[in-house]
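Have the model open in your viewer and a selection tool to hand. We will go from stop to stop, choosing what to highlight next and looking at what is there.

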Amino acid sequence: MKKKNVISFALFIITLAVLPHLVSGYWQRVLTQTFLFASIAVGSNIIIGYTGYPAFGNIAFFGVGAYVTGVLTTKYNMAFVATLPFCALSGIVLAILLGIPILRLKGHYFAIATVGVMETIKELIDNMTELTGGGLGLTLPIMQGEPEHIYRFFYYAMLLCMLFALLLSYVISKVKLGYALRAIRVDEDAASVMGINTPLYKTFAWALSASAVGIAGGIYAYWLSYIDPHTVFVGTYSVKMFAMILLGGAGTVMGPLLGAFTLELISELIWSKFIAIHGMVLGLLIIFIILFIPKGMFETFKGGFSFRKLLTNLRENSL
Amino acid sequence: MIILQILINGLLLGAFYALIGIGFSLVWGVTNIINLSHGAIALLGAYLTFFLFQTFRLDPFLSIPVSFIAMFSFGYLLQRYLMNFVVKAQIFMLLILTFGLEIFLVNFMTTFFSADFRSVTPSYAGNSLVLGSIVIPYIRLAVFSICVIIAVAMALFLDKTWPGKAIKATSLDIEASMMSGINPAKIYALTFALGSGLAGVSGTLLTLTQAFSPSIAGGLTLRAFIVSILGGLGRIEGALIGGLLLGVLETFSSYLIGESYKNAIAFGLMVLVLIVKPSGLMGRKYYAEVKH
């Protein structure tokens with residue numbers, strides 16, 4: 001990491017740490033939501049960006065994490081913070097169990113299998129009424145204290161979760177695992193010939209990715225204080241996550257983070273202006289990103305903004 | 001006797017799934033695009049039928065050609081002026097692009113056609129064929145026959161006509177097909193148009209068998225998905241068998257285990273088929289090999 005980058009990143013974090021004392025409750029909520037998506041995007045980038053496995057249903061771990069916190073706090077009276085390690089663990093265990101069969105699939109087939117897994121888990125949770133409340137949902141204990149204090153608590157909790165995901169992603173990019181994963185993305189057979197145990201590394205990458213996403217789910221559940229299968233297993237979140245990763249640049253450490261900030265803030269601004277057509281604009285925005293900036297903003301606009309680069313990008317993948 | 005009734009219900013439902021699956025599987029097999037907006041396009045056809053019935057009292061069966069032509073044109077333009085720009089990108093880009101389109105279309109329909117559940121009920125809706133203790137509604141029987149006829153017609157089109165053969169040739173080897181004078185951009189557009197047209201027809205048939213709203217788009221796409229996986233990509237007979245299998249499986253699992261596990265079982269089966277035989281039960285190797 002260059003010195004300049006370290007300084008700007010430190011400034012960015014200090015700003016975020018100070019912000020809740022300066023901005024209104026509304027913006028605190030918006031930023032908390034942004035951190036949530038950034039955690040999911042940065043965490044999922046480990047399997048999607050580094051390894052090149054399009055885990056379209058990675059939100060499954062988010063939902064499971066949310067339910068782990070939900071069930072542990074309501075049925076076993078555990079403290080919220082104590083449940084978070086279990087959220088990470090649930091992601092890791094699930095990813096390992098699923099990874100052994102599913103990570104043998106490639107491309108489309110892998111993407112679809114993860115969607116199938118997500119829908120199956122969603123329906124199983126929907127049917128485990130005694131434990132999870134099923135379709136009626138689960139009401140979590142509400143945090144005690146001043147509303148102001150609670151807002152800040154979740155703001156910092158989500159910020160820490162995002163930093164955890166970033167740290168994980170950064171460390172992986174620097175160690176042997178990261179190099180192995182990139183080799184797998186470029187050419188899995190060649191990587192295998194080079195002596196990389198590809199199934200092991202892929203499963204490991206997915207497990208780590210799932211742990212970050214699982215923790216985000218746990219915090220989200222406590223923040224929302226009510227969850228049902230449809231609020232935590234959301235297909236739209238998968239797409240938003242993918243759009244964020246692409247917008248920022250897949251396979252980079254900071255890309256998904258910046259993508260998440262850009263997309264979530266744009267989305268929030270649009271949301272507050274045109275509620276009725278929010279979904280339509282989101283759809284168009286995603287189409288626009290794929291057409292014109294599939295390599296990410298930073299790769300595309302390295303030497304400054306220009307429309308010609310957008311057109312070059314458009315031509316590159318056309319028939 | 002109840003088992004026979006369930007089996008018949010399953011087959012009747014399955015033919016409809018097969019029709020959704022045929023278009024989806026054709027597009028996937030030939031252009032390598034998983035069209036996540038397939039269900040939304042089917043619903044556009046359904047709304048077209050609904051509004052034609054409401055305003056002009058046009059019989060839903062007569063609006064089949066209308067929705068086919070409308071969605072065929074829509075699909076052609078979509079592929080020619082949107083999808084063709086990204087077909088060579090990594091696969092998950094295409095997934096997200098079509099999902100973006102799905103979000104757009106579903107929200108468009110919710111905004112302009114409302115989120116209410118709609119249905120089309122022609123005067124003959126209640127009539128059934130009664131054979132002993134088995135009851136078969138005439139409408140479902142007609143839907144079944146239309147689905148099978150369209151499947152056969154599609155298979156003949158792909159095997160016997162020049163455009164059909166060109167579609168198959170392009171899916172097998174795009175470079176070689178270009179050398180023999182085929183323009184892949186047009187063939188891709190034609191394939192997507194056919195897929196969308198068939199989606200439109202299945203939307204029309206959907207109005208006759210169940211109530212619909214924009215929210216069911218995802219469910220339809222996922223059904224199409226499972227059918228394609230079960231049957232193998234790009235193969236009409238595969239989609240037909242996959243559809244019938246899914247229909248029978250759904251009705252039987254609803255009866256034996258309960259309605260609420262229907263999706264989990266269907267998805268579980270899909271994942272199992274993916275792991276054991278990724279090319280599908282009927283798939284051949286060269287159709288839609290894993291392209292990166």
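A nonpolar core here means a set of buried Ala, Val, Leu, Ile, Met, Phe, Trp, Tyr and Cys residues joined through C-beta atoms within 7 Å. Keep in mind along the way that this is a predicted model.

**Stop 1: the core.** Which residues have the most contacts inside the largest nonpolar core? Select B:A18, B:L19 and B:I96; the core they belong to has 201 residues. Now add helix α10 of chain A, residues 198-224, which gives this core 16 residues, the most of any contributor.

Stay with B:A18 and show what surrounds this residue. Leaving aside residues up to four places away in sequence, B:A18 touches B:C147, B:A151 and B:V227. The list of its partners goes on with B:A239, B:L240, B:G242, B:G243 and B:L244.

**Stop 2: chain B as a whole.** Colour chain B by secondary structure and you will find 11 helices and 2 strands. Followed along the sequence, the order is α-α-α-α-β-β-α-α-α-α-α-α-α. With a radius of gyration of 19 Å, close to the 19 Å that the globule rule gives for 292 residues, chain B is as compact as a globular protein of that length. Its C-alpha trace spans about 60 × 45 × 35 Å along the principal axes. Of the 292 residues in chain B, 55% are buried. Among contacts in this chain with a separation of 6 or more, 79% link residues 24 or more positions apart.

**Stop 3: the two strands.** Zoom in on β1 (residues 128-131) and β2 (residues 134-137) of chain B, which run antiparallel and are joined by 4 bridges. Pick B:V130 and look across to β2(B): B:V135 stands opposite. The two strands form a hairpin with 2 residues between them, and B:G132 in the turn has a positive phi of about 65°.

**Stop 4: where the chains meet.** Show both chains and select the contacts: 39 residues of chain B are in contact with 40 residues of chain A. On the chain B side, the elements giving two or more residues are α4 (91-113), α8 (184-209), α9 (217-231) and α11 (262-276). The largest share, 14 residues, comes from α4(B). Colour this side by class and you get 29 nonpolar, 9 polar and 1 charged residues.

**Stop 5: a helix in chain A.** Finish on α5 of chain A, residues 107-127. This helix has 21 residues and reaches 31 Å from first C-alpha to last, close to the 30 Å expected at 1.5 Å a residue. Is α5(A) mostly covered or mostly open? Mostly covered: 17 of its 21 residues are buried.

Conventions. Residues are numbered from 1 along each chain as its sequence is written. Chains are lettered from A and ligands numbered from 1 in the order in which they are written. This is a predicted model: local features need pLDDT of at least 70, side-chain atom pairs count only at pLDDT 80 or more; totals for chains, interfaces and linings use all residues. The expected span of a helix is 1.5 Å times one less than its number of residues. A residue is buried if 20 or more other C-beta atoms lie within 10 Å of its own, exposed if 12 or fewer, and partly exposed in between; C-beta atoms are placed from the backbone. The radius of gyration is taken over C-alpha atoms; the globule rule is 2.2 Å times the number of residues to the power 0.38. Two residues are in contact if their C-beta atoms, placed from the backbone, lie within 7 Å. Ala, Val, Leu, Ile, Met, Phe, Trp, Tyr, Cys and Pro count as nonpolar, Asp, Glu, Lys and Arg as charged, and the others, Gly among them, as polar. Two strands pair if DSSP finds at least two bridges between them.
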